[in-house]
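Q: Please take a close look at the packing of helices in this structure, and explain it step by step for a first-year student.

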Amino acid sequence: MLRLEARPEPSRAMVILTPIIAVVATMIAGGILFAILGNNPFTAIRIIFWDPLFNDMVASYTRPQLLVKAAPLILMAIGLSFGFRANVWNIGAEGQFIMGAVIGGGTALALYPLESPLVFPLIIIMGGLGGFLWAMIPAILKIRFNANEILVSLMLVYVAAQFLAAMVTGPMKSPVGMGFPVSRNFNEYQSAFNAELLSNTGLHFGVLVMMAVVVVGYIFLTRHIFGFQIRVSGQSARASKFAGVNPHTTVALCLGISGALAGLAGLFEVTGPAGKLSTNFPLGYGFTAIIVAFLGRLHPVGILLAGLLMALTYIGGELAQFQMSIPAAAIQVFQGMLLFFLLGVDILVNFRLRRDTKSKEAH
Amino acid sequence: MDLSSISPVTLIVSLMAASTPILLAALGELVVEKSGVLNLGVEGMMIIGAVCGFIAAVTTGSPWLGFLFGAICGAAVSMIFAVLTQYLMANQVATGLGLTMFGLGLASLLGHSYTGINPPAFSQIHIPVLSDLPVVGRIIFGHDPMIYFSLALTFGIWYFLTRTRGGLVLRAVGESHDAAHALGYKVIRIRMLAIAFGGACAGLGGAYLSLVRVPQWAEGMTAGAGWIALAIVVFASWKPGRAIIGAYLFGGVTVLQLNLQAAGLAISPAYLSMTPYLATIIVLVIMASDKKRQSLNAPASLGKTFFAST
């Protein structure tokens, strides 16, 4: 009989190894899923994980997509990871993403057709502000009334989605959209368009911001008092009070930072890759970012790698959908399984498996 | 706008139908939380129940088998959460979120070829004379059996939690798993059962959604109902009777805003669609600000991981 034995100290090797074990286990389980769906599992796995990067037929299109898809995921996941470490559960990043896009994008639409180099910086600020303020709602309700931030932030996702719908059918509806509920196309508006900076790389301004956030996030987490404070509040609320951490400040900072980053991600997405506001704009990146945060072990460098991997499953998933008609939902299941396996094997960090030879007398 | 088109009797009848899925899911989650486990996967279990119940009902032609299968499938997916959190000691918040995302994906995968089909009809009961009474007849005697079942279940859970030994043990586990363990109760086994029960209730609620309330299968059709159910547990301060009030309140808001949309109120329907979610937030805030009541009723071990060291 196997039993679990607590490790005296968390295993550092397992911290690195467990995400890899989880990815391999997901590939196996995913392969079984694809086989059940009537596809060749080996072909499906190759199309999802190999072809987008190395198949010359498609890679010229898919390789740049990697950065495009990964940027919002990483940007949001880094913001969320701070809160998750401190036990502040912002799971409404999707709503903050939408509000960033609506407020930032809306500002651009209001300024149209004014061409000025100040427009883009202004809408970036407005986008971040939109996400920040939206995240401040659960933060204030948590601080002032002790309302559960998980439920409030999640409810606000649905409110944000409806707000977006109200905007694209009302004030932000394109005058040249032939009555469809979409906004004006941002690529027609030079000053606000988040263009590709180097052609065929997928590198847009949001990617640069994402990279900067990875670096700053790393410094904050490991070298700054704020990183220490969120780590200690996550491990013990009582100890953190002795360390002089104000729990209210932690809640406000964690939600504020993650909200602002999600808002930025939304703004870069809507003015670049998505191109316009519409009710189809939210794709669930805010939820996938939660998986990315955990897969990356709530560490900026880990999140960078996890975000690229998750972007790969999106792109590969689209490819598999196109080439093997594997339904899009299969990829969502695949991502869900990845999180399950990751959480499951996580136990190996703090526990080890021992064969129970001496039965009960060990204690 | 024509408000006279909204009949109060019809409103109450449809309110009860709109509330039942949320009530069922909330009751299940209430039992889970009373055992000290926070399962945020209600939305995922609900939508699995919705799609599985729908498929079973369409395939067999029997809505009853649909409900049964929906409940079984809800319980089955809840076991993923149960094993991860109880045996592998995974974080309950993260695992619950994972279950929701996984459930939403799996449901759209399973339901792929079932959109646009009508399920077999599940009709209201009809008691001669009683059901034909004006007003009272339709409000009290004119519902489908599942509505009566949800009310009976509320009573049953209240009785179990407060009047039986089993309920006492379950609450003990939720208050202090270490003390319960020391008394010789099987903490993990009790929690596994509670989670399975919660999954079955959520699945049943989902099946009601796709078989009676809508009645069709559509991707993402739960639209946050599972999350609202979680909020109702907080609103109810972990008391089954109050869960009815909570669920009917939200059902009322939902039905009223739909009626206002239909009556052509002169604001964008999107704003009206926000109201159930905004109402949830307001209620959460009101309940949470009353700290005394919260701390009296919230299970003390809620969301904490249990590991038997000896």
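A: In this predicted model, helices H1(B) and H9(B) are roughly antiparallel to each other. The reasoning rests on an angle: the axes of helix H1 (residues 8-34) and helix H9 (residues 187-213) of chain B cross at roughly 175°, and an angle over 145 degrees counts as roughly antiparallel. The two axes come within 7 Å. The contact of H1(B) with H9(B) consists of 19 nonpolar, five polar and two charged residues.

These two helices belong to a chain that contains 13 helices and zero strands. Its pattern along the sequence is accordingly written α-α-α-α-α-α-α-α-α-α-α-α-α. The radius of gyration of chain B is 20 Å, and the globule rule gives 19 Å for 310 residues; because these values are close, chain B is as compact as a globular protein of that length. Along the principal axes, the C-alpha atoms of chain B occupy a box of roughly 65 × 45 × 45 Å.

A second pair within chain B is formed by H3(B) and H4(B), whose axes come within 10 Å and cross at roughly 155°. That angle makes H3(B) roughly antiparallel to H4(B), and the crossing of this pair is right-handed. From H3(B), the residues Val77(B), Ile80(B), Phe81(B), Leu84(B) and Thr85(B) take part in the contact. Their counterparts in H4(B) are Gln92(B), Thr95(B), Gly96(B), Leu99(B) and Gly103(B). By class, this contact has five nonpolar, five polar and no charged residues.

Helix H4(B) also leads to the partner chain. Which helix of chain A packs with helix H4 (residues 92-110) of chain B? That helix is H14 (residues 328-345) of chain A, with its axis 8 Å from that of H4(B) and an angle of about 155° between them. This angle makes H14(A) roughly antiparallel to H4(B). The crossing of H14(A) and H4(B) is left-handed, whereas that of H3(B) and H4(B) is right-handed.

The residues that H14(A) brings to this contact include Ala329(A), Val333(A), Gly336(A), Phe340(A) and Leu343(A). Among those that they meet in H4(B) are Ala94(B), Gly98(B), Met101(B), Gly105(B) and Leu109(B). Thr95(B) is also listed in the contact with H14(A), and Thr95(B) appears in the contact with H3(B) as well. The residues of the contact of H14(A) with H4(B) divide into 13 nonpolar, seven polar and no charged.

This helix pair is part of the contact between the chains, which takes 40 residues from chain B and 37 residues from chain A. On the side of chain B that touches chain A, the elements that give two or more residues are helix H3 (63-87), H4, helix H10 (225-235) and helix H12 (269-289). By class, that side of chain B has 27 nonpolar, twelve polar and one charged residues.

Chain A, which supplies H14(A), has 15 helices and two strands. A compact globule with 363 residues would have a radius of gyration near 21 Å, and the 22 Å of chain A agrees with this. The C-alpha atoms of chain A fill a box of roughly 80 × 55 × 35 Å along the principal axes.

Two loops of chain A contain backbone features worth locating. Pro113(A) is placed in the loop between helix H5 (93-111) and helix H6 (119-145), and the peptide bond that joins Tyr112(A) to Pro113(A) is cis, with omega near 0°. Arg297(A) is placed in the loop between helix H12 (285-295) and helix H13 (300-324) of chain A. Arg297(A) is not a glycine, although it has a positive phi of about 60°.

Finally, the confidence scores should be read alongside this picture. The model scores ipTM 0.86 and pTM 0.88. The mean pLDDT of chain B is 86, with 93% of its residues at 70 or more. Chain A has a mean pLDDT of 86, with 98% of its residues at 70 or more. Over residues 359-363 of chain A, however, the pLDDT is below 50, and this stretch has one contact in the model beyond near neighbours in sequence.

Terms used
Residues numbered from 1 in each chain as written. Chains lettered and ligands numbered in written order. Predicted model: local features only at pLDDT ≥ 70, side-chain atom pairs only at ≥ 80, totals over all residues. Axes fitted to C-alpha atoms, helices over the stretch in contact; angles between N-to-C directions. Helix = DSSP H or I, 4+ residues; strand = E, 2+ residues; numbered from the N terminus. Parallel < 35°, antiparallel > 145°, perpendicular 65-115°, else oblique. Left-handed = near helix turned anticlockwise from the far one by under 90°. Contact = placed C-beta atoms within 7 Å. Nonpolar A, V, L, I, M, F, W, Y, C, P; charged D, E, K, R; others polar. pLDDT = per-residue confidence, 0-100. Rg over C-alpha atoms; globule rule 2.2 N^0.38 Å.
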